[in-house]
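User: Hi, I'm new to reading structures. Can you walk me through this one?
Analyst: Sure. Have a look first, then ask away.

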Amino acid sequence: MANVKIPLYYDYASSLSYVAKRVMQQLDGQLEIDLLWKGVQIARRHKGWKNGEMIGDEVKGKIVRISRDTGVPLRIPAKWLDSSYALQGAEFAKDHNLFPEYHEAVFAAAFEKSKDIGELTTLLGIAEQVGLSGTALESALQSGNLNKRVDDTEQQAATFGVVGYPTFMLGEFSLIGIQPAETMRLLIQRYVKKAREHVGH
């Protein structure tokens with residue numbers, strides 16, 4: 001039987017999206033699902049997000065708690081990251097069949113190596129590391145075509161009422177945030193079972 005597809009709205013600037021990626025890696029092979037990663041810039045969906053400004057202690061505290069609860073270590077950026085180029089780059093990577101490699105490298109750069117993924121030169125360097133052409137990516141970014149695709153995903157997110165990151169779309173239900181691996185496994189397994197029963201009717 002085919003895997004159940006689960007759209008997952010994320011942003012490279014979101015530390016909890018990074019945690020979600022690591023938690024779902026822990027569950028790799030345990031769930032009959034395909035995650036459809038859909039990038040939407042958090043700054044455009046969340047009024048409290050200010051690119052380039054320092055991240056306050058209250059927000060850092062929340063991230064530390066979730067990191068501890070899920071057992072996923074990370075480096076919290078000093079400033080709110082601008083993910084505009086990174087999300088467009090993800091669309092470019094999909095076109096060149098290198099999305100998983102690019103996806104991993106951008107998240108690792110932001111939350112393991114403390115790199116500013118909002119810097120164009122940094123992002124182009126990450127793209128080249130995974131086998132993409134930095135020159136071709138820069139041209140594609142300048143054309144504006146990639147941005148339109150990110151905009152389309154944002155419109156889709158708005159239709160579903162996505163307000164938090166990450167958001168797992170379990171049918172009609174949106175699961176916002178990230179829980180420890182075992183909790184996620186049980187929640188998603190329950191959804192997969194229901195989705196399969198529905199198909200069987």
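Analyst: One definition to start: helices and strands here are DSSP runs, numbered from the N terminus. Keep in mind that this is a predicted model.

User: Okay. Where does N97 lie?
Analyst: N97 sits in the loop between α3 and α4.

User: Is N97 buried or exposed?
Analyst: Exposed counts as over 50% relative accessible area. N97 has 67%, so it is exposed.

User: And what is the phi of N97?
Analyst: Its phi is positive, about 55°, although N97 is not a glycine.

User: Which other residue, not a glycine, has a positive phi near 55°?
Analyst: S114 has a positive phi near 55°. S114 belongs to the loop between α4 and α5. With a relative accessible area of 48%, S114 is partly exposed.

User: Back to α3. How far apart are its end C-alpha atoms?
Analyst: They are 18 Å apart. Helix α3 covers residues 84-95, twelve residues in total. At 1.5 Å a residue, the expected span is 16 Å, so the two values agree.

User: Which residues of α3 are buried?
Analyst: The buried ones are A86, L87, Q88, G89, A90, E91, F92 and A93.

User: What do those buried residues pack against?
Analyst: Two strands and four helices. The strands are β1 (4-10) and β2 (33-39). The helices are α4 (99-111), α5, α6 and α7 (145-159).

User: You mentioned α5 and α6. How do their axes cross?
Analyst: Helix α5 is residues 120-129, and helix α6 is residues 134-143. Their axes come within 9 Å and cross at roughly 130°.

User: What do you call that arrangement?
Analyst: Angles over 145 degrees count as roughly antiparallel, and 65 to 115 as roughly perpendicular. The pair falls in neither range, so α5 and α6 are oblique to each other.

User: Is the crossing left-handed or right-handed?
Analyst: α5 passes α6 in a right-handed crossing.

User: Which residues meet there?
Analyst: From α5, they are L120, L124, A127 and E128. From α6, they are G134, T135, L137, E138 and L141. This contact divides into five nonpolar, two polar and two charged residues.

User: New topic. Where is Q179?
Analyst: Q179 is in the loop between β4 (173-176) and α8 (181-200). Its relative accessible area is 36%, so Q179 is partly exposed.

User: What does Q179 touch, beyond its sequence neighbours?
Analyst: Leaving aside neighbours within four places in sequence, Q179 is in contact with V23, T70 and M184.

User: How far is Q179 from I66?
Analyst: Their C-alpha atoms are separated by 7.9 Å. Along the chain, Q179 and I66 are 113 residues apart.

User: And from S67?
Analyst: The C-alpha atoms of S67 and Q179 are separated by 9.9 Å. Along the chain, that pair is 112 residues apart.

User: Where is S67 placed, and is it buried or exposed?
Analyst: S67 is in helix α2, residues 57-70. Buried means under 20% relative accessible area. S67 has 14%, so it is buried.

User: What is S67 in contact with?
Analyst: Setting aside neighbours within four places in sequence, S67 contacts V72, P73 and L74.

User: Last one. Which residues does a cis peptide bond join?
Analyst: A cis peptide bond joins Y165 and P166. Its omega is about -5°. P166 lies in the loop between α7 and β3 (167-170).

Conventions:
Residues are numbered from 1 along each chain as its sequence is written. This is a predicted model: local features need pLDDT of at least 70, side-chain atom pairs count only at pLDDT 80 or more; totals for chains, interfaces and linings use all residues. Side-chain values use heavy atoms; hydrogens and water are left out. Axes are lines fitted to C-alpha atoms, for helices over the stretch in contact, and angles run from 0 to 180 degrees between N-to-C directions. Angles under 35 degrees count as roughly parallel, over 145 as roughly antiparallel, 65 to 115 as roughly perpendicular and the rest as oblique. A crossing is left-handed if the near helix is turned anticlockwise from the far one by less than a right angle, and right-handed if clockwise. Contact means heavy atoms within 4.5 Å. Ala, Val, Leu, Ile, Met, Phe, Trp, Tyr, Cys and Pro count as nonpolar, Asp, Glu, Lys and Arg as charged, and the others, Gly among them, as polar. The expected span of a helix is 1.5 Å times one less than its number of residues. Buried means under 20% relative accessible area, exposed over 50%, partly exposed in between (1.4 Å probe, protein chains only).
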